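Reader: I've never read a protein model before. Could you walk me through one, step by step?

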Amino acid sequence: MIKFCVKLVQRWLPEPFIFAIILTLVAACLAMPICHQTPIEVVENWGGGVWNLLAFAMQMALVLVCGSTLAAAPAIKRVISSLAGIPKTPAAAIALVTGVSAIACWLNWGFGLIVGVIFAKEIAKRLSGVDYRLLIASAYSGFVVWHAGLSGSIPLTMATPGEALAKATNGILTEPVPVSQTILDYHNLIIVAVVIVAIVITNSLMHPKNDIICVDPALLEEESTANSQQPIANSLQPTPAQRMENSRILSWIVALLGFAYLIIHLGFRGGSFDLGSVIMLFLFLGVVLHGTPLAYVRAFGKAATGASGIILQFPFYAGIMGIITGVGASGICFGTVISNACISISTPTTYPLLTFLCAALLNMFVPSGGGHWAIQAPIMFAAGANLGVDPGLTGTAIAWGDAWTNLIQPFWAIPALAIAKLDAKDIMGFCLIDLLITGIIICSGLVIWAL
């Protein structure tokens, strides 16, 4: 079964950019007959959406580059190297990487997505006989719990008071839904725990006995940044510019400014530890730990080369989102059609399950929590209220659906693959097995919750 899935994906899954192009064509071809849109309307919806994710694309690029730069700091490399020495067998390495990644992603998805892959790379350098593809797949598989965790965008949006909540749900949610009814509800926590245990066990058992694909540790070694911390002097006496470039005082001043803002924002203003906070934490910790501004600039430049996939593909997925959410003269939205199809066959017991599956399907075309909220919130909460389904359960079902098919949607794997220097087809065969296992658990958990 494992070999079949791996070979299937390697044969049929194209490079992520090609996958984005194919999804664009599929969405366009379906929108015309289903939504009665003309080719011109589809093209206009696509073009109108292409630039709608620029801010988010920049955030994703920064979380990748700042996270990689932080990991390249000498002090962080020593800590990661020490932890990477704990597992002594391939199965133990796979289990540890999966568990660390999943817990980190539950705490904060941006942090977990980067840290898990960096940790996996370090283990690959130190432990021989471990399959590198499965190691990186294990690091990415932990991402499946992110939207049921503390940084889940839909549950946090539901918990935020204000007019935006009522407007997004067409007046269904006039009062915020606390996280105690979504993220921290004991039903959700049990699903998260069972999913984490399941992927730890599954990934460990998937390690091949033969045909192991290892990686030469030398290929994973990054160019040393030690020399970048030394001034480049043309004479025995450094110039004023060189003194500033190699000034630890300047690094500390700008870092203290950033840390002060985070303390005020999180501690005194009640702000959330969102993606922007993660980027700031990565950025200013990196500035301090690299020692000098020049050392950080050079390390940042090396890490920036890995962000090319994000920069290239995000406009295309924004265009797909434009097709899914766009409305032509017919007044029909593709995303609404999918959601209504789910509602039409639902009962109070099956509604959360079908909501989850509907979100999972939409996620293949719109791999964004914010996109899901925009498409499904006005429809699914109204239908859930008519069926008597708790809004916390409806929102959690949408969140799980958004996260689940990320296991086979290479969009979110782009940062991880850039760090690991692999292609999507190298890891998605293993992730397909995780998709099947976790799907059974999530579906069962939502049905039990509904009962």
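Author: Sure, let's start at one spot. Right after helix α20 comes Gly-388, and its phi is positive, near 80°. Helices here are DSSP runs of H or I with at least four residues, strands are E runs of at least two, and both are numbered from the N terminus. Before we go on: this is a predicted model, where local features need pLDDT of at least 70, side-chain atom pairs count only at pLDDT 80 or more, and totals for chains, interfaces and linings use all residues. Residues are numbered from 1 along each chain as its sequence is written, and side-chain values use heavy atoms, with hydrogens and water left out.

Reader: Okay! How many helices and strands does the protein chain have?

Author: There are 23 helices and 0 strands.

Reader: And how do I read the overall size?

Author: Use the radius of gyration, taken over C-alpha atoms; the globule rule is 2.2 Å times the number of residues to the power 0.38. With 451 residues, a compact globule would come out near 22 Å, and this chain has 23 Å, so the two agree. The C-alpha trace spans about 80 × 50 × 45 Å along its principal axes.

Reader: What does "buried" mean, and what share of the residues is buried?

Author: Buried means under 20% relative accessible area, exposed means over 50%, and partly exposed is in between (1.4 Å probe, protein chains only). Here 53% of the 451 residues are buried.

Reader: Back to α20. Where is its kink?

Author: A bend at a residue is the angle between axes fitted to the seven residues ending there and the seven starting there. In α20, which covers residues 369-387, a kink of about 55° lies at Gln-376, shortly before the proline Pro-378.

Reader: Is Gln-376 buried or exposed?

Author: Gln-376 counts as buried because its relative accessibility is 0%. Others in α20 are buried too, including Trp-373, Ile-379 and Phe-381.

Reader: What does Gln-376 touch?

Author: Contact means heavy atoms within 4.5 Å. Leaving aside neighbours within four places in sequence, Gln-376 is in contact with Ser-339, Thr-355, Cys-358, Ala-359, Leu-362, Phe-381 and Ile-398. Zooming out, the buried residues of α20 pack against several helices, among them α18 (334-344), α19 (351-365) and α21 (391-404).

Reader: How do I spot parts that are far apart in sequence but meet in space?

Author: Compare the two kinds of distance. Ala-198, in helix α11 (residues 186-205), is 236 residues from Asp-434 in sequence, yet their C-alpha atoms are 8.5 Å apart. Ala-198 also touches Ile-437 and Ile-441, not counting residues up to four places away. With a relative accessible area of 12%, Ala-198 is buried. Across the chain, for contacts with a separation of 6 or more, 80% join residues 24 or more positions apart.

Reader: What about loops? Where does Ile-183 sit, and is Ile-183 buried or exposed?

Author: Ile-183 is in the loop between α10 and α11, and at 2% relative accessibility it counts as buried. Its contacts beyond four places in sequence include Trp-106, Leu-150 and Pro-155. Thr-69, 114 residues away along the chain, has its C-alpha 31 Å from that of Ile-183.

Reader: Can you show me another loop residue?

Author: Try Ser-247, in the loop between α13 (240-245) and α14 (248-268). Ser-247 counts as buried because its relative accessibility is 15%. Beyond its neighbours within four places, Ser-247 is in contact with Gly-291, Thr-292 and Pro-293.
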